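Okay, thanks for squeezing me in. I'd like to walk you through the side-chain contacts in one model, so let me put it up on the screen.

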Amino acid sequence: MRLPRSGAGWTVAVFGLLALLLGALGLIWPETQLRLLGFEVPAERAPGDYTGTFLTASSMASFNMGVYYLLAVVTEWRPFYRFTVLFRLVTFTVFSIAVLSDVAPDRFFGVAAWEGLGAVATAVGLWWDARRAATGPGAADDSAPGPGAVPATDAVH
């Protein structure tokens, strides 16, 4: 796999890799995933308890999302990076509300914080990349940007 070529790319790569690994963990060892999230793991589930079904679905979604994020990094798909900032902030808000309204245990706020901090890290990475592109080789004239530089047309202003 190709390494990220930008600051924002690194933030998206870290999140993508963790989403992929945590999704795999939930598929292989669901009880471990539940404990990590602060949920109880009873010895047996009551009839009609679809916790396992829901965990399988959300773990598969996490695994797939990790693949999508890593694909975006390999292709340096910057519009995707910007898209993730907004929707990770939405996720932070929804998960925080779930904890504050006692729908989820307090420990679940760690997931919300991860989303919020990830969104901020990617936003900072996009800003840093844009600033670097504006002051890097080729910024003063119309020559081609240096290796690893982010095209100014792709930068966040």
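Let's start with a charged pair: R88 and E115 form a salt bridge, with their closest N and O atoms 2.9 Å apart. Look at where the two partners sit. R88 is in helix α4 and E115 is in helix α5, so this bridge ties together parts that are 27 residues apart in sequence. Keep in mind that this is a predicted model.

So, are these two buried or exposed? R88 is buried, with a relative accessible area of 3%. E115 counts as buried as well, because its relative accessibility is 9%, and the cut-off for buried is under 20%.

While we're here, there is a network to show you. E76, R78 and D129 are joined into one network by salt bridges that share partners. Within that group, the side chains of E76 and R78 meet at 2.9 Å, N to O. Both E76 and R78 are buried.

How many salt bridges are there by this rule? The count comes to 4. One of them links the side chains of R45 and D49, at 3.1 Å from N to O. Here the surroundings are partly open: R45 counts as partly exposed at 34% relative accessibility, and D49 is partly exposed too, at 31%.

Back to R88 for a second, since that residue has another contact. Which ring does the charged end of R88 sit over? That would be the ring of F15, with the charged end 3.6 Å from the ring centre.

And that brings us to the aromatics. The count of aromatic pairs by this rule comes to 9. F15 is in one of them, with Y69: the pair is tilted, 4.9 Å centre to centre, with 55 degrees between the planes. F15 lies in helix α1 and Y69 in helix α3, residues 51-74, so the pair ties together parts that are 54 residues apart in sequence. F15 and Y69 are both buried.

Another tilted pair is F39 with F108, at 6.0 Å centre to centre and 50 degrees between the planes. This one is between loops: F39 lies in the loop between α2 and α3, F108 in the loop between α4 and α5, so the contact ties together parts 69 residues apart in sequence. The two rings have their own levels of cover. F39 is partly exposed, with a relative accessible area of 32%, whereas F108 counts as buried at 13%.

Now zoom out a bit. F15 and Y69 belong to one aromatic cluster along with W77, F80, F83, F87 and W114. Please hold on to W114, as that name comes up again on the surface.

Last stop, the outside. Which residues form the nonpolar patch on the surface? They are V14, L17, L18, L21, L22, L36 and W114, with about 590 Å² of accessible area together. Helix α1, residues 7-28, supplies the largest share of the patch, 5 residues. Take L21 as an example: this leucine is found in helix α1 and is partly exposed, with a relative accessible area of 47%.

If you want something to click on afterwards, go to F15: R88 sits over that ring with its charged end, and Y69 pairs with F15 as a tilted partner. From R88 you can then step across to E115 through the salt bridge. That's my tour, happy to go back to any of these views.

Notes
Residues are numbered from 1 along each chain as its sequence is written. This is a predicted model: local features need pLDDT of at least 70, side-chain atom pairs count only at pLDDT 80 or more; totals for chains, interfaces and linings use all residues. Side-chain values use heavy atoms; hydrogens and water are left out. Patches are made of residues with over 30% relative accessible area and no salt bridge: like charges are joined within 9 Å, nonpolar side chains (Val, Leu, Ile, Met, Phe, Trp, Tyr) within 5 Å. Accessible areas come from the Shrake-Rupley method with a 1.4 Å probe; for residues, only the protein chains shown count as cover. Helices (H or I, at least four residues) and strands (E, at least two) are DSSP runs, numbered from the N terminus. Buried means under 20% relative accessible area, exposed over 50%, partly exposed in between (1.4 Å probe, protein chains only). Rings of Phe, Tyr and Trp (its six-membered ring) pair if their centres lie within 6.5 Å; planes under 30 degrees apart count as stacked, over 60 as edge-to-face and the rest as tilted. A charge sits over a ring if NZ of Lys or CZ of Arg is within 6 Å of the ring centre and within 35 degrees of the ring normal.
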